[in-house]
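Hi there,

Here is the structure I promised to pass on to you. Have a look at it first, and then read on for my notes on the cysteines and a couple of backbone angles.

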Amino acid sequence: MPQKDPCQKQACAIQQCLQANKYVESMCEDVIKEMRRCCETHSGKSICCSGFNDPRSDNQNNTKTYSFESNKRK
């Protein structure tokens, strides 16, 4: 049986929050922070984190960049 992605719960929470708040990122800062923490803890072990870019590391153009993929498993 494939192992569950350690950050899938947080990735799904971000999607739910963004949908519920009409994609206003500032309304989802807490769940985004939880995702960031999970990715820091499980670096290299979570495929959900592979599409998650930390905006603090992208200071060159002063933009926030988030990319989330749906990783629902059957």
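**What turned up**

Let me begin with a pair of cysteines: Cys 7 and Cys 38 are both buried. Please keep in mind throughout that this is a predicted model.

Those two cysteines are bonded to each other, with 2.0 Å between their sulfur atoms. Their S-S torsion is about -95°, so this disulfide is left-handed. Cys 7 sits in the segment before helix H1 (8-20) and Cys 38 belongs to helix H2 (residues 29-41), so the bond ties together parts that are 31 residues apart in sequence.

How many disulfides does the structure hold? There are three, and here are the other two.

Cys 17 and Cys 28 make up one of them, and their sulfur atoms are 2.2 Å apart. The torsion about that S-S bond is about -100°, so the disulfide is left-handed. Distant parts of the chain are linked here: Cys 17 comes from helix H1, while Cys 28 comes from the loop between H1 and H2, 11 residues apart. Cys 17 and Cys 28 are both buried.

The remaining bond joins Cys 39 to Cys 49, with the sulfur atoms 2.0 Å apart. Its torsion is about -95°, so this disulfide is left-handed. Again the pair links distant parts of the chain, with Cys 39 in helix H2 and Cys 49 in the segment after H2, 10 residues apart. Both of these cysteines, Cys 39 and Cys 49, are buried.

If you like a short code for the connectivity, number the bonded cysteines of the chain in sequence order and the pairing reads 1-4, 2-3, 5-6.

**Cysteines without a bond**

Why is Cys 12 not bonded to Cys 48? The closest cysteine sulfur to that of Cys 12 is in Cys 48, but the distance is 6.9 Å, which is too far for a bond. For a disulfide, the two sulfur atoms would have to be within 2.5 Å. As for Cys 48, it is in no disulfide, and its nearest cysteine sulfur is that of Cys 49, 6.7 Å away.

Are these two cysteines buried or exposed? Cys 12 is partly exposed, with a relative accessible area of 31%. Cys 48, on the other hand, is buried, with a relative accessible area of 5%; the cut-off for buried is under 20%.

**Two backbone angles to look at**

Since you may want to check the backbone as well, here are two residues to bring up in your viewer. Lys 22 has a phi near 50°, a positive value in a residue other than glycine. Lys 22 is placed in the loop between H1 and H2, and its relative accessibility of 73% makes it count as exposed.

Tyr 23 also caught my eye: its phi is positive, at about 60°, although Tyr 23 is not a glycine. You will find Tyr 23 in the loop between H1 and H2. This tyrosine is exposed too, with a relative accessible area of 51%, and the cut-off for exposed is over 50%. The loop that holds Lys 22 and Tyr 23 is also where Cys 28 is located, the bonding partner of Cys 17.

That is everything I have for now. Happy browsing, and do write back with any thoughts.

Best wishes

Methods
Residues numbered from 1 in each chain as written. Predicted model: local features only at pLDDT ≥ 70, side-chain atom pairs only at ≥ 80, totals over all residues. Heavy atoms only, no water. Helix = DSSP H or I, 4+ residues; strand = E, 2+ residues; numbered from the N terminus. Buried < 20%, exposed > 50% of the residue type's maximum accessible area, 1.4 Å probe, protein only.
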